[in-house]
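Work through these exercises with the structure open beside you. Try each task before you read its solution.

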Amino acid sequence: MILETDRLLIRPITIDDKHEIFKYRHDKEANKYQGWIPETIEDVELFIGEVSKQINVPGSWFQLVIVDKETQVIVGDLGIHFIDSENKQAEIGCTLNKDFQKKGFATESLKRVIDYLFNELNKHRIITSIDPDNENSIRLVERIGFRKETHFVESILINGKWVDDLIYALIEKDWDRKSNK
Ligand SMILES: CC(C)(COP(=O)(O)OP(=O)(O)OC[C@H]1O[C@@H](n2cnc3c(N)ncnc32)[C@H](O)[C@@H]1OP(=O)(O)O)[C@@H](O)C(=O)NCCC(=O)NCCS
């Protein structure tokens, strides 16, 4: 499965992506709101080996990379968690290399993936989990149309610290397909 937008290709991660992924995922400061920060290339190899080989498997994470069509450089990655046993809900998360932030790449790729989840995989609801201090991420999901549903207090242990967690959600019937094509 390969998804395309004006500027980007979104495709499943492969083991050959490990060095590019490591380069930006290793950055502790840029990824301070995230639980997974690889210390070594082997950590990335393990991560790629553990993600699902097949998309849309209940209980699994599927991992995509976001590639700039013009340069073929990986600008970021995007994970999809197929949460429930009925397989009607998904969780998504996105990370951009900080050199490629503030260009609209996250918005462009997330919209395409959301279209795919609603239209091709017939999902009913998509959620995302965000640290309340992660302002870029909050702006990103609100721009796309996610609704804030819940603020959990000290509900996640990240890097040894209990942090709050916002849950944002998008329902299929609220997704305006025309404006997101
Ligand atoms: C969350 C994250 C992906 C958001 O990235 P981002 O670059 O802010 O989002 P986009 O790529 O959609 O870019 C949108 C921004 O680019 C600007 N922009 C510039 N050129 C643009 C263009 N041609 N098209 C659209 N937007 C453009 C927009 O105005 C917007 O700026 P604003 O947020 O200041 O209003 C990024 O901050 C990140 O990777 N953070 C670290 C990982 C993380 O915490 N992930 C979240 C948890 S899963």
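**Exercise 1. A helix and the glycine after it**

Task: Find the residue just after α4 that takes a positive phi. Then sort residues of α4 into buried and exposed.

Solution.

Step 1. The model is predicted. Go to the end of α4: just after the helix, G145 has a positive phi of about 115°.

Step 2. Now look for buried residues. In α4, S137, L140 and V141 are buried.

Step 3. Check how they are arranged. Viewed down the axis of α4, the buried residues fall within an arc of 85°, so they line one face of the helix. The spacing rule helps here: an α-helix has 3.6 residues a turn, so residues three or four places apart point the same way.

Step 4. Turn to the face directed away from the buried side. That face of α4 carries the exposed residues E135, R139 and E142.

Step 5. Ask what lies over the buried residues of α4. The cover includes α3, β6 and β8.

**Exercise 2. The fold as a whole**

Task: Count the helices and strands, then read their pattern along the sequence. Decide how compact the chain is.

Solution.

Step 1. The chain has four helices and eight strands.

Step 2. In sequence, the pattern reads β-β-α-α-β-β-β-α-β-α-β-β.

Step 3. Compare the radius of gyration with the globule rule. The chain has a value of 16 Å, close to the 16 Å that the rule gives for 181 residues, so the chain is as compact as a globular protein of that length.

Step 4. Add the spans. Along its principal axes, the C-alpha trace extends about 40 × 40 × 35 Å.

Step 5. Look inside. Of the 181 residues, 24% count as buried. Among contacts with a separation of 6 or more, 54% come from residues 24 or more positions apart.

**Exercise 3. The sheet**

Task: Write down the strand order and name the edge strands. Then trace the pairing from β5 to β7.

Solution.

Step 1. Eight strands form an open sheet, in the order β1-β2-β3-β4-β5-β6-β8-β7. The pairing is mixed.

Step 2. Find the edges. β1 and β7 each have a single partner strand, so one side of each is left without a neighbour in the sheet.

Step 3. Start at β5. Three bridges join β5 to β6, and these strands run parallel. Q89 has R125 of β6 as its bridge partner.

Step 4. Move on to β8. Six bridges join β6 to β8, and the two run antiparallel. R125 stands opposite I171 in β8. Thus R125 appears in both pairings.

Step 5. Finish at β7. β7 and β8 pair in the antiparallel sense over eight bridges. R147 has A169 of β8 as its bridge partner.

Step 6. Look at the turn. β7 and β8 form a hairpin with two residues between them. In that turn, N159 has a positive phi of about 50°.

**Exercise 4. Two loop residues**

Task: Where do Q72 and N87 lie? Is each buried, partly exposed or exposed?

Solution.

Step 1. Q72 is in the loop between β3 and β4. Q72 is not a glycine, yet its phi is positive, about 65°.

Step 2. Count C-beta atoms. Q72 has 8 others within 10 Å and is exposed.

Step 3. N87 lies in the loop between β4 and β5. Phi of N87 is near 60°, again a positive value in a residue other than glycine.

Step 4. N87 has 16 C-beta neighbours inside 10 Å, so N87 counts as partly exposed.

**Exercise 5. A residue in β5 and the ligand shell**

Task: Explain why L96 counts as buried. Then describe the shell around the ligand.

Solution.

Step 1. L96 is in strand β5. L96 counts as buried because 22 C-beta neighbours lie inside 10 Å.

Step 2. List contacts, leaving out neighbours within four places in sequence. L96 then touches V75, G76, Q101, F105 and A106.

Step 3. Turn to the ligand. 20 residues surround the ligand, and the closest are G93, Q101, G104, T107 and N136. The elements giving two or more residues to this shell are β5, α3 and α4.

Step 4. Sort the shell by type. It holds seven nonpolar, 10 polar and three charged residues.

Key:
Residues numbered from 1 in each chain as written. Predicted model: local features only at pLDDT ≥ 70, side-chain atom pairs only at ≥ 80, totals over all residues. Near = placed C-beta within 6 Å. Nonpolar A, V, L, I, M, F, W, Y, C, P; charged D, E, K, R; others polar. Pairing = 2+ DSSP bridges. Buried ≥ 20, exposed ≤ 12 C-beta atoms within 10 Å, placed from the backbone. Arc of directions from axis to C-beta. Contact = placed C-beta atoms within 7 Å. Rg over C-alpha atoms; globule rule 2.2 N^0.38 Å.
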